[in-house]
Amino acid sequence: MKKILKSISILLALMLLVLSVGVIPVSAADVTYSVSPAKGATGETVTVAVSLSTSIDLWGSNVQLKYNPSELQVVDYAKGSAVSNGSINDSGSSVNFSGMYSAKSGTVFTVSFKILKESGKASLTLSSTENTDNAGEIYNNISVSNSSITIVNSVPAEKITLDKTSISLEKGKTAVIKATVTPANATTGISFYSSDDDIVTVSDDGKITAVKGGTATITAISGDVSAKCTVTVSVPMTGIKADGSTDRKMAVGETINLKVLKVPADATDKVTASWSTSNPEIATVKSGVVTAVAVGEATITAKAGKWTATYKITVTEKGEESTTLESTTAESTTDESTTGEESTTDIFTTEPTTRPIFTTEPTTKEEFSLVEPTTNHNAMQNNTNPNASRYIVVVAAVVIAVVAGAVAFLVLRGYKGKNKKQRIIVEEKFR
């Protein structure tokens with residue numbers, strides 16, 4: 001019996017313990033409040049929000065957002081979306097809210113501040129009391145997250161300095177220039193520009209890339225101030241080469257001007273070539289001007305730095321090339337003479353009467369095509385028709401007969417008409 005009573009007592013104690021646990025409020029961070037940060041310049045108005053981020057319903061609360069009235073001035077405030085009923089006011093150093101919530105999380109209220117502080121940050125501090133649940137139980141475990149308003153006044157740059165004022169780069173190479181602004185807290189940004197992107201490009205962070213040979217200026221700008229850096233891009237020479245054909249022909253007494261070209265073509269190295277000849281008795285050279293002295297061959301060499309280029313000069317007798325050229329011209333004239341007049345003058349010895357006479361037998365097709373056909377020529381010279389005179393006489397006789405008849409008819413008619421008129425006049429006179 002005693003054992004049974006003891007067991008019942010233990011069970012009742014456990015039941016009371018369970019019931020008592022059920023009404024104990026949650027102990028782990030029941031309510032969490034936070035205020036959003038903000039940025040602005042002195043004199044500007046910014047807005048912050050006080051929010052509730054909790055996983056349980058909160059039916060009552062008093063919340064304060066404290067501020068320094070020498071740094072911030074309240075312009076406006078309003079209840080947020082998480083509030084179903086409550087009041088809000090400004091005490092001059094804190095914005096106070098008291099009311100009820102109908103949501104588990106959301107904005108409790110917002111406040112708009114005018115920034116009075118010149119620089120730095122204006123602190124915002126949260127506190128909360130009497131947070132209760134729907135049964136009236138108080139949540140004593142309150143968590144808050146404070147914030148501040150950062151003053152970001154515009155500070156103009158007074159001076160900008162570059163770590164380099166001149167840079168020399170080879171084509172394809174890069175370099176970086178750094179800009180320093182005074183005062184250090186200047187809020188104006190830094191921009192870089194190139195005077196010629198075809199020669200040098202520059203990125204937003206001051207990285208310079210050499211594109212081709214030449215000079216360009218990089219300008220760094222911050223607000224109303226600027227600084228410049230001159231960039232010179234070089235293109236190293238890798239050799240020289242002859243300008244045109246390396247085999248040249250000259251006649252004795254002639255001169256030609258030879259040149260050499262840089263490799264690559266856009267090389268910026270300034271190199272003067274020196275000239276020499278392998279045989280001055282055949283050809284001499286001075287500053288690239290070659291003079292042919294005698295028949296033969298000579299090699300002309302140009303040297304620039306460690307590189308060389310050569311020309312082979314072949315000198316012929318004076319007029320030898322000219323003779324060749326005249327021969328070619330004469331040949332061309334013969335080939336191109338296709339008009340009858342020119343060919344006739346060259347080919348015929350006398351004016352043809354019955355058949356053209358050649359001084360020599362024709363040797364070209366063109367000459368044969370200019371010969372007048374024998375048959376046609378004879379026809380032109382001996383063209384007689386035995387019946388031609390007879391036809392002419394007959395035609396002439398017919399024409400004469402027709403004309404004579406017409407004249408006789410007209411005369412006779414006129415005469416008859418005249419006699420008839422006279423006869424009528426005589427008859428009337430003697431009636």
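Is Ser-147 buried or exposed? Let me start there. This is a predicted model, so keep that in mind throughout. Ser-147 has a relative accessible area of 17%. The cut-off for buried is under 20%, so Ser-147 counts as buried.

Where does this residue sit? Ser-147 belongs to strand S11, which covers residues 147–151. And what does Ser-147 touch, leaving out residues up to four places away in sequence? The list is Val-35, Ser-36, Pro-37, Ser-123 and Leu-124. Take Pro-37 from that list. Along the chain, Pro-37 and Ser-147 are 110 residues apart. In space, their C-alpha atoms are separated by 5.4 Å.

Now step back to the whole chain. There are 431 residues, and 26% of them count as buried. The secondary structure comes to 6 helices and 29 strands. Next, contacts. Consider those between residues at least 6 apart in sequence. Of these, 62% join residues at least 24 apart. Then the surface. The accessible surface is about 28000 Å². Carbon and sulfur atoms account for 55% of that.

On to a sheet. Look for five strands in the order S5-S8-S3-S1-S10. This sheet is open, and its pairing is mixed. Which strands stand at the edges? They are S5, residues 72–79, and S10, residues 142–145. Each has a single partner strand, so one side of each lacks a neighbour in the sheet. From one strand to the next, the twist averages 20 degrees.

Let me zoom in on one pairing inside this sheet. Strand S3 runs over residues 45–53. S3 pairs with S8 in the antiparallel sense, over 9 bridges. Here is one residue pair to find on screen. Val-46 has Phe-113 in S8 as its bridge partner.

S8 brings us to the aromatic rings. How many aromatic pairs does the structure hold? The count is 2. I will show you the one formed by Phe-97 and Phe-109. A pair of aromatic rings is described by the distance of the centres and the angle of the planes. For Phe-97 and Phe-109, the centres are 6.2 Å apart and the planes are at 25 degrees. Why is this pair called stacked? Planes under 30 degrees apart count as stacked, and 25 degrees meets that cut-off, so the pair is stacked.

This pair links distant parts of the chain. Phe-97 is in strand S7, residues 94–101. Phe-109 is in strand S8, residues 105–115. The two are 12 residues apart. Are these rings' residues buried or exposed? Phe-97 is buried, at 2% relative accessibility. Phe-109 is buried too, with a relative accessible area of 0%.

Next, strand S16, residues 191–194. Here the side chains alternate. Phe-192 and Ser-194 point to one face, and they are buried. Ser-191 and Tyr-193 point to the other face, and they are not buried. S16 also has a pairing to show you. It pairs with strand S19, residues 214–222, in the antiparallel sense over 4 bridges. Within that pairing, Ser-191 has Ile-221 in S19 as its bridge partner.

Now some backbone details. Which peptide bond is cis just before Pro-183? The bond from Thr-182 to Pro-183, with omega near 0 degrees. Pro-183 lies in the loop between strand S15, residues 179–182, and S16. A cis bond also runs from Val-263 to Pro-264, again with omega near 0 degrees. Pro-264 is in the loop between strand S24, residues 260–263, and strand S25, residues 274–277.

Two more residues, and both have a positive phi without being glycine. Glu-130 has phi near 55 degrees. Glu-130 is in strand S9, residues 120–132. With 56% relative accessibility, Glu-130 counts as exposed. Ser-287 also has phi near 55 degrees. But Ser-287 is in a loop, between strand S26, residues 283–286, and strand S27, residues 289–292. Its relative accessible area is 64%, so Ser-287 is exposed.

Let me finish where I began. Go back to Ser-147 in strand S11. Rotate the view until you find its contact Pro-37. Then check the C-alpha separation of 5.4 Å for yourself.

Notes:
Residues are numbered from 1 along each chain as its sequence is written. This is a predicted model: local features need pLDDT of at least 70, side-chain atom pairs count only at pLDDT 80 or more; totals for chains, interfaces and linings use all residues. Side-chain values use heavy atoms; hydrogens and water are left out. Rings of Phe, Tyr and Trp (its six-membered ring) pair if their centres lie within 6.5 Å; planes under 30 degrees apart count as stacked, over 60 as edge-to-face and the rest as tilted. Buried means under 20% relative accessible area, exposed over 50%, partly exposed in between (1.4 Å probe, protein chains only). Contact means heavy atoms within 4.5 Å. Two strands pair if DSSP finds at least two bridges between them. Axes are lines fitted to C-alpha atoms, for helices over the stretch in contact, and angles run from 0 to 180 degrees between N-to-C directions. Accessible areas come from the Shrake-Rupley method with a 1.4 Å probe; for residues, only the protein chains shown count as cover.
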